[in-house]
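Trainee: Please take a close look at the aromatic pairs in this structure. Then show me what surrounds them.

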Amino acid sequence: MPKQNQTISNKFQPNQTKNPMAKNEQILRLKFIETLLRNRKEKGASYEEIEEYLEDQFANKDLEQELKFSKKTFERDKKAIAEIMGFEISYSRKNNVYYISEEELENNSDSVFDNLLLVQAYRETKDKTDIMFFEQRKSRGLQNLHGLVHAIINKKLISLDYRSFSQEEENRLVLEPYALKEFKYRWYLLANVFQNGELKLKSYGLDRISNLEIKNSTFKRKKVDIGAEYENLFGIISKNEHALEKVILSFDAHQGQYIKSLPLHHSQETLIDNGEEFRIQLHLYPTYDFKQEILSYGNRVKVIAPESFRDEIKSEISEMLSYYS
């Protein structure tokens, strides 16, 4: 992780860039190459096909940057994609094509590169306040991100002050940090804490952490697959007493377009997609976070199954209605 952060900052620091437009062109090339190979994951693309695709993209989008692409440039781009985006582009001699393996795609997240594109766009427009309008948010606690990553990688115990939204005062905690997870623009630390004589994995919002201290002492990390723990969850709250369910939701056709373009969960399957209804099935634990998400869609969604979750939503709606009677 530190290597990746260092690579990003070194490659795209504006003070080191003699030609900012050239850097913009490079970033766009990387994104277009990644998009093409991701979309053609089964058959890949030859160098000639990649070059033609880049030419079309730069022409069709009326980009001000001039495309500068060659086989030597492509070799540099492959290395940059590996360093920045975290996956390798492979080559098949048999088919004479470049491709991204399924395993690489499964372990990759678009968010790192998307954030880089935002940073680059911000740099271009920071003196033009009427072009990009960011949401006004309070600190998300990202000032502690680097220290937490260091502690996780090196298995260092940490201590910090933490105040949850249900508490009036801060508590000093000693934690075994395991991972970091994002949910709805907030970052959370997943860490083991001693509670009632045993270690429990809990989540802590970075925006509520203060006075972080990384200790010299280390801990023995338990064999916990964080990815597997959250695979069938929506949000940050653990499954607790909830059972794994096949949840079927029906959206109106208009809302369905949004759900189709930005799925609620990786398990999302389309059951019906026509001019009247967009119906999906999800395989997850219907926790509090998921319930709140469904309620946020109001009358644009209807829970079809399971009956227990449907009744829970109905009960919540009835209680809401009682506030207006």
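Mentor: Twelve aromatic pairs turn up when the whole structure is searched. Keep in mind that this model is predicted.

Take Tyr47 and Phe74. Their rings form a tilted pair, 6.0 Å centre to centre, with 50° between the planes. Tyr47 sits in helix 3, residues 47-60. Phe74 sits in helix 4, residues 71-85. The two are 27 residues apart, so the pair links distant parts of the chain. Both Tyr47 and Phe74 are buried.

Now go to Phe234 and Phe290. Here the ring centres lie 5.7 Å apart. The planes meet at 70°, and so this pair counts as edge-to-face. The cut-off for that label is over 60 degrees. Where do Phe234 and Phe290 lie? Phe234 is in the loop between helix 8 and strand 8, while Phe290 is in helix 10. The pair therefore ties together parts that are 56 residues apart in sequence.

Are Phe234 and Phe290 buried or exposed? Buried means under 20% relative accessible area. Phe234 has 8%, so Phe234 is buried. Phe290 has 0%, so Phe290 counts as buried too.

Rings can also join up in a cluster. Ring pairs link Tyr47, Phe69, Phe74, Tyr91 and Tyr98 in this way.

Next, the nonpolar cores. In soluble globular proteins, nonpolar side chains tend to be buried together. The largest nonpolar core here has 30 residues. Leu249, Phe251, Leu264, Ile280, Phe290 and Ile294 touch the most other members. Many elements feed this core. Strand 4, strand 5, strand 8 (245-252), strand 10 (277-284) and strand 11 (301-305) each supply at least two residues. Helix 8 (226-230), helix 10 (288-295) and helix 11 (307-322) each do so as well. Strand 10 gives the largest share, four residues.

Another core lies apart from that one. This core has 20 residues, among them Phe32, Leu54, Phe74 and Ile100. You met Phe74 in the tilted pair with Tyr47.

Look closer at Leu264. Leaving out residues up to four places away in sequence, Leu264 touches Phe234, Leu249, Phe251, Ile259, Ile280, Leu282, Glu293 and Tyr297. Phe234 is the partner of Phe290 in the edge-to-face pair.

Strand 10 also holds Gln281. Gln281 has a relative accessible area of 17%, so Gln281 is buried. Set aside neighbours within four places in sequence, and Gln281 is in contact with Lys246, Val247, Ile248, Ser267, Gln268, Glu269 and Leu271.

Now for empty space. Rolling a probe the size of a water molecule over the atoms shows where such space is left. The second largest pocket holds about 490 Å³. Its lining has 21 residues. Tyr162, Ser164, Phe165, Ser203 and Arg208 lie nearest its centre. Strand 4 (171-183), strand 5 (186-195) and strand 6 (198-205) each supply at least two residues of the lining. Strand 4 and strand 5 are also among the elements that supply the largest nonpolar core. What kinds of residues line the second largest pocket? Nine are nonpolar, seven are polar and five are charged.

Finally, step back to the whole chain. The protein chain has eleven helices and eleven strands. Buried residues make up 38% of its 325 residues. Take the contacts between residues at least 6 apart in sequence: 59% of them join residues at least 24 apart.

Conventions
Residues numbered from 1 in each chain as written. Predicted model: local features only at pLDDT ≥ 70, side-chain atom pairs only at ≥ 80, totals over all residues. Heavy atoms only, no water. 1 Å grid on protein atoms, 1.4 Å probe; cavity = no way out; pocket = protein on both sides within 12 Å on 5 of 7 lines; lining within 4 Å. Points joined across faces, edges and corners; volume = space filled by probe spheres on them. Nonpolar A, V, L, I, M, F, W, Y, C, P; charged D, E, K, R; others polar. Core = buried A, V, L, I, M, F, W, Y, C linked by side-chain atoms within 4.5 Å. Buried < 20%, exposed > 50% of the residue type's maximum accessible area, 1.4 Å probe, protein only. Contact = heavy atoms within 4.5 Å. Phe/Tyr/Trp six-rings, centres within 6.5 Å; stacked < 30°, edge-to-face > 60°.
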